[in-house]
Amino acid sequence: MAMMELELRRLRHDRTEIYTRAIQPILWLVVYGTIMSSIRAIPTGGIPYLDFITPGVLLQSTVFVSVFYGLTIVWERDTGILKKLLVAPVPRYATVVGKTIASGVRALFQALIIAPVALILGVKFVPNPLNFLGALVILFLVSGGFAAISILVASFMKTRERFMGIGQAIIMPLFFGSSALYPVKMMPPLLQHLVVLNPLTYAVDAVRGLIISGDVSHLPVDAAAIVAFDILMFVAASMSFRKIIE
Amino acid sequence: MARKEENISTENLVEVKGLVKIYQGKIRALDGVDLSIKAGQIFALLGPNGAGKTTLMRILTTQLKPTSGQAFIFGRDVVKKAAEVRTCIGYVPQEMSVWTDITGYENLLIYAKIYGIPAKDRKKKVWEALESMGLGGFAKALVKTFSGGMIRRLEVACALLLKPEIMFLDEPTIGLDPSARKAVWEKILTFKREFGTTVFFNTHYMDEADLYSDEIAIIDRGRMVKLGTAEELKHSIKRDVIRLGLGSRSAGESVLNKLRGLSLVNEVSADNSELTIAVGDVEAALPAVIEVLRNEGIPIAKIAATKPTLDDVFLAYAGTSLQAQAGPEVRDVRSMRGQIRKG
C-alpha cells in the first residue's frame with residue numbers, strides 16, 4: 001500500500017510522464033484506427049474498427065507502463081533504495097506485490113486519459129459503469145502481472161540500456177501476437193496456437209467483452225487465465241527479486 | 001536484548017567468524033574475517049576502496065549470503081534468521097536511497113508505512129526523526145532541492161524511524177564537504193547518546209574513524225588487519241618520532257650511539273643540529289633521551305614529538321598508504337550522487 005501511495009505522491013508532483021506516455025496510444029487510435037476503419041480491411045464482426053482496437057490500445061498502453069516500471073526498479077537499484085527495501089523488516093514478496101500494485105495504479109491513470117479520447121473519437125462503449133469498472137479491474141490485474149515480469153527482467157538485466165531492449169522485445173510481439181489489432185482468425189495457423197499462451201489475448205478479449213461488445217461469455221475463462229498468469233509471475237518475481245542487488 | 005542461541009556468545013552485538021565471500025567464483029572480497037563488536041559503541045571499519053568493507057556490511061545486513069563462515073547479530077544468524085535480524089537493524093547504503101521527486105516528509109512517511117509503523121504513531125515518529133536530524137524546516141521541500149548533506153541526514157532519519165539496536169552506515173559522508181560531514185556526524189552522535197544505538201560505519205576517511213569511533217578495525221584486501229581504539233592502533237605500530245633541535249653544538253657519533261643503545265629507541269639520525277629519533281613510545285622514551293643529552297652536556301633548544309596518524313597505522317599494517325589508494329573511485333561516487341540529484 002505504501003508503494004501505491006508513493007506512486008500517487010510522485011504523480012502529484014510530476015504528471016508529465018503520464019501525458020507523454022499517452023501520446024503513443026492516442027496516435028494508434030486517432031491515426032491508425034481511423035485510417036484502418038475507413039478501408040474496412042479487417043473483419044471485426046460488425047464492430048467499427050476503431051471500437052475494435054480500443055481495448056487493445058488501452059491494454060497496450062497500460063502494459064507499456066507496467067513493463068517499463070522495471071526501469072524505476074533498475075533506477076532504485078542504482079541508488080540504494082532497493083538495498084534499503086530489502087533490509088527493511090518486511091517480507092520480500094510484500095515488496096514485490098507492493099511494487100506491482102503501484103505500477104497498476106500508474107497504469108490505471110493512463111487508461112483514464114485514453115478512454116475519454118476514444119469517447120471523443122466516437123467509440124461506443126457499453127453504457128454500463130459496472131462494465132467499465134470491470135474492465136479497469138482487468139487492466140489493473142494485467143498490468144500487475146506485467147509489472148511482475150518487469151521485476152523479473154530487472155533482476156537479470158541490471159542496466160537501463162539492456163532493460164530498454166528487452167522491454168521493447170517483450171511488448172511488441174505480445175501486442176501484435178494478440179487479438180488487439182485484428183481477430184485471431186486472421187493470423188497464420190502457427191501464430192494462432194501461440195496466441196493461446198499470450199496473456200494479452202485473454203485480457204483484450206475480456207476488456208472488449210466488457211466495454212465494447214457486451215458479450216461477457218468468455219469472461220470467466222479470461223479472468224482465470226489472467227489470475228493464473230499473475231500468480232505465476234508474482235512467484236517468479238518474488239524469487240528473483242533477491243538476486244537483483246547481488 | 002541478547003538471546004541465547006546455540007553456543008554463540010551473546011555478549012557481543014556483532015559476532016563474525018571466518019567469513020569468506022567470493023564473487024563469481026574468483027574475486028575474494030572477504031578472506032576469512034573474524035570480528036566482534038560490543039553493544040553501545042561506535043565502530044569504524046576503515047579500509048581503502050575494494051577492501052571488502054561494503055561486502056561485510058551487506059552480509060551483516062542480510063543482503064548477501066557469505067560463501068563460508070558465519071555472522072551473528074544479537075546471536076542471530078544473518079543467513080538463517082535473516083528476517084529477525086532485519087527487525088533490529090537500521091541501514092543507510094552508500095548510494096543515495098531516497099526518492100528525489102517527492103518531499104522529505106513524504107519519503108519518511110512512505111518508509112514508515114513500509115516499516116509497518118502503526119498509523120497513530122506515524123506522524124509523530126516521522127517528525128521526531130526529521131527534527132532529530134535537523135530537517136524540520138525542510139520537510140515540505142522536494143528532495144531534489146536538498147544538498148548532499150541534507151540528503152544524507154534524511155537517509156539517517158529514515159533509518160532512525162525503526163529505533164534500531166544497531167545502525168549500519170556505509171560510507172556515511174562520502175562526497176560531502178567538510179562542514180556537511182561535520183553536521184552529519186554531530187547528528188549521528190546525538191542520537192547515539194540519546195538512544196544508546198550501536199553504530200557500525202564504513203569509511204575510508206581516517207580522520208572520521210579517528211574522531212568519531214570508539215573502536216576501529218582496519219580491513220585490507222578482505223582481511224582484518226588490526227582492531228583497537230584509535231589510540232591503541234597508533235600506539236601499536238611504535239612509530240612515534242622525537243625531533244630535537246640542538247642549540248650550540250651538534251651531537252657527535254658517540255652521543256648518537258649512546259642514544260641508539262637505549263632500549264626504547266629504534267633509530268637515530270642527525271642532520272646538523274637536528275636530531276630525529278624514532279621511538280616506540282614518546283612518553284616512555286623522552287625522559288631517557290633527555291637524560292643522555294644532559295649527561296653529555298648538549299643543550300636542547302626545542303623538542304617536538306609526533307604521533308603517527310591512522311594513515312601511518314594503515315601503512316604499517318597493510319603495506320600501502322590509505323591516501324594513495326583512495327583515488328578515482330571516490331570521485332566517481334561523488335559525481336554519481338551529483339547526477340542522481342540532478343536527474
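Trainee: In what order do the 4 strands of the open sheet in chain B stand?
Mentor: The model is predicted. Its chain B has an open sheet of 4 strands. Their pairing is antiparallel. The order is β12-β13-β11-β14.

Trainee: Which are the edge strands of this sheet?
Mentor: An edge strand here pairs on one side only. Two strands of chain B fit that: residues 265-271 and residues 300-306. They are β12 and β14.

Trainee: By how many degrees are neighbouring strands of this sheet turned against each other on average?
Mentor: Direction is ignored for this angle. The average turn between neighbours is 15°.

Trainee: Which residue in β13(B) does Ala270(B) stand opposite?
Mentor: Start with the pairing of β12(B) and β13, residues 274-279 of chain B. These two run in the antiparallel sense over 6 bridges. Opposite Ala270(B) stands Leu275(B).

Trainee: Which helix of chain B lies across β11, β12, β13 and β14?
Mentor: Take helix α9 of chain B, residues 253-261, to begin with: it lies across β12 and β13 of chain B, at about 160° to β12(B). The helix you want spans residues 282-295 and runs at about 25° to β11(B). That is α10.

Trainee: Which helix gives the most to the largest nonpolar core?
Mentor: The largest nonpolar core has 117 residues. Val142(A) and Leu108(B) are among those with the most contacts inside it. One helix of chain A, residues 129-156, gives 11 residues to this core. That helix is α7.

Trainee: How many residues has the second, separate core?
Mentor: Its members include Val14(B), Ala71(B), Ile166(B) and Phe200(B). The number of residues is 30.

Terms used
Residues are numbered from 1 along each chain as its sequence is written. Chains are lettered from A and ligands numbered from 1 in the order in which they are written. This is a predicted model: local features need pLDDT of at least 70, side-chain atom pairs count only at pLDDT 80 or more; totals for chains, interfaces and linings use all residues. Side-chain values use heavy atoms; hydrogens and water are left out. A nonpolar core is a set of buried Ala, Val, Leu, Ile, Met, Phe, Trp, Tyr and Cys residues joined through side-chain atoms within 4.5 Å. Buried means under 20% relative accessible area, exposed over 50%, partly exposed in between (1.4 Å probe, protein chains only). Two strands pair if DSSP finds at least two bridges between them. Axes are lines fitted to C-alpha atoms, for helices over the stretch in contact, and angles run from 0 to 180 degrees between N-to-C directions. Contact means heavy atoms within 4.5 Å.
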